[in-house]
Amino acid sequence: MACLVLVHDAEHSFLIDLATSITGYTLQLGNSQLPDGILPNSILAYDRKCFPSSDIRPSRTNSDTRVLSINLRCIDNEKQHGGTTETDDVFDHEYLFTNGKFHRKDFCRFLSFVTGQSNPFAHIRRKKRSIYIGLTYPNVRVVLSNMAIVSVGADALELRVDLLHEEGQEGYFPSLDYVAEQLMTLRLQSELPIIFTIRLIPSGGKWPLSETPLAIKYLEKALQWGVEFVDLEDLFSSDLGALILPRKGHTKVIASHHDFSGQLDWTSPDTFETYNACSEFGDVVQIAGAATDLNETFEVQRFRNRVEIASSPTSPPLAAFNTGIGGKLSRILNPFLQATTHPLLPTSSAPNQLSLVEVNGVLAVLGEVNPKKIYVFQDPDVDAALMDKCFNELNLPHHAIPMGQMRDSGAQLLLGEADCGGAVLNFSWPLSDQVRTGISSAITVFPSASHLFWSRSIVRLP
């Protein structure tokens, strides 16, 4: 990324200094035209009142564009003056914030993602198993006080736009401003990647297929807001791909196909063709069928194996499962971005969805999650008790063992065991450099126990 163009209101000029400190880019004063000989890694700052919208147009055609324009959009100002600014659509991205709840960390995370410095998708893809929680609240503010509990163990959160409902809403759809506020609120409360989903009625959602033009508008705004994932159903017209894909930037597309008629045959070549068709526009492929018989779970497994054999390292990962009572096991065995629910949610995002606690229990019984020992080499032992509480809450078979301080040889012996899943170290404890290097390269090391209860690493052990 050669240059960022940041457009702001006069009272929010402090964001420019913050952006330069976060990115390390050089600040240049904006003028009426973007110069051809612009310095690499620079920030041009424009006050909104003098922003030359006729001179800077977003390319929005690929993820390595030379100039990236970002509208620093304060929702508070819009409430005071009524409505959004007319120049919103000329920007590559918008950063949403309020005066009262501005978080430096959230701004840093946003800039890191839209400039390509962070890659949540790559992190999730490296994991043996990954899950997401489908949020089904009409207003996500309801869950804010319990967000840490609802999202613990998840790798992403799904914002179901078709289930949002604002107070006084007329018709079936929330306003775009309400969706923007919901997304901003969710980001301030959780650092997890967000899946922006508009589920159509034929696929089990509430969004009419006849209202796809409005859905397209909302999905385009989601890309502008820099969400990590958008879900695009193959029921949308082919025009949607032409509109969305060139503008997606670093956002990843989940190409989804849902067939609840019971006619989807996992052994048919047509299903493989469905995967190939979704692969053409998706970074992830999700295929869901409907099952009445447990035996159909094994057909899903065999289909997944055929896809893996035919795939290359750059092929989109597959999330394949059956819905219905007979499809529960296929959901559990789906290793990539498995959809789960939580008891605190008003309803699951799909019938017969399981909670993470239920999934972990079944995986442990099937031997898909092997019990691990986490050695705690520090005092007090409260860290081990805290970790055990976390494991118990999530129905994981792991166990934290308090060890206190040990000699290097004893620590190496324990950490070399096959069932060792990690270690908590007090870094003031004088371990030799050789032991530290060996530990770091062989197992997961948790340097701070203060955040372990909410750490995704600790609750998603391999």
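In this predicted model, a network of salt bridges links Arg73, Glu94, Asp177 and Lys221. Side chains of opposite charge can pair when their charged atoms come close. The structure holds 15 salt bridges, and the network offers a way into the strands that carry some of its members.

Strand β4 comprises residues 67-74 and runs parallel to β5, with five bridges joining the two. Arg73 has Leu96 of β5 as its bridge partner. Strand β5 itself spans residues 93-97, and five of its five residues are buried, so the strand is largely enclosed by the rest of the structure. In a regular strand the side chains alternate between the two faces of the sheet. In β5, His93, Tyr95 and Phe97 lie on one side, Glu94 and Leu96 lie on the other, and both faces are covered. Glu94 is thus a buried residue of β5 that also belongs to the salt-bridge network.

The next element to consider is an open sheet of eight strands, arranged in the order β12-β11-β10-β9-β8-β7-β6-β13 with parallel pairing. Its edge strands are β12 (318-323) and β13 (338-340), each of which pairs on one side only. On average, neighbouring strands of this sheet are turned by 25° against each other, direction ignored. Within the sheet, β6 and β7 run parallel and are joined by four bridges; Tyr132 has Ala156 in β7 as its bridge partner. Helix α7 (residues 212-224) packs on the sheet, where it touches β8 and β9 (229-233), and its direction makes about 155° with that of β9. Helix α10 (residues 296-310) also packs on the sheet, touching β11 (284-290) and β12; the direction of α10 makes about 165° with that of β12.

Further salt bridges connect other parts of the chain. Lys127 and Asp155 form one, with a distance of 2.6 Å from N to O. This pair links distant parts of the chain, 28 residues apart: Lys127 lies in the loop between α4 (120-126) and β6 (131-135), and Asp155 in the loop between α5 (147-151) and β7 (156-160). Lys127 has a relative accessible area of 19%, and therefore counts as buried, the limit being under 20%. Asp155 is buried as well, at 2% relative accessibility.

Glu191 and Lys105 form another salt bridge, their closest N and O atoms being 2.8 Å apart. Because Glu191 lies in the loop between α6 (176-189) and β8 (194-197) and Lys105 in helix α3 (residues 104-114), the pair ties together parts that are 86 residues apart in sequence. Glu191 is partly exposed at 44% relative accessibility, whereas Lys105 is exposed, with a relative accessible area of 56%.

A salt bridge within one helix joins Lys389 and Glu393, at 3.7 Å from N to O. Both residues lie in helix α13 (residues 382-393), four residues apart, about one turn of the helix. Lys389 is partly exposed at 44% relative accessibility, and Glu393 is partly exposed at 47%.

Finally, Arg331 presents a charged residue without such a partner. Arg331 is located in helix α11 (residues 328-333) and is buried, yet has no salt bridge. The nearest side chain of opposite charge is that of Glu158, 9.2 Å away, whereas a salt bridge requires the relevant atoms to be within 4 Å. Leaving aside residues up to four places away in sequence, Arg331 touches Phe321, Asn322, Thr323, Gln338, Ala339, Ala350, Pro351, Asn352 and Gln353.

Note on methods
Residues numbered from 1 in each chain as written. Predicted model: local features only at pLDDT ≥ 70, side-chain atom pairs only at ≥ 80, totals over all residues. Heavy atoms only, no water. Buried < 20%, exposed > 50% of the residue type's maximum accessible area, 1.4 Å probe, protein only. Lys, Arg positive; Asp, Glu negative; His and termini not counted. Contact = heavy atoms within 4.5 Å. Pairing = 2+ DSSP bridges. Axes fitted to C-alpha atoms, helices over the stretch in contact; angles between N-to-C directions.
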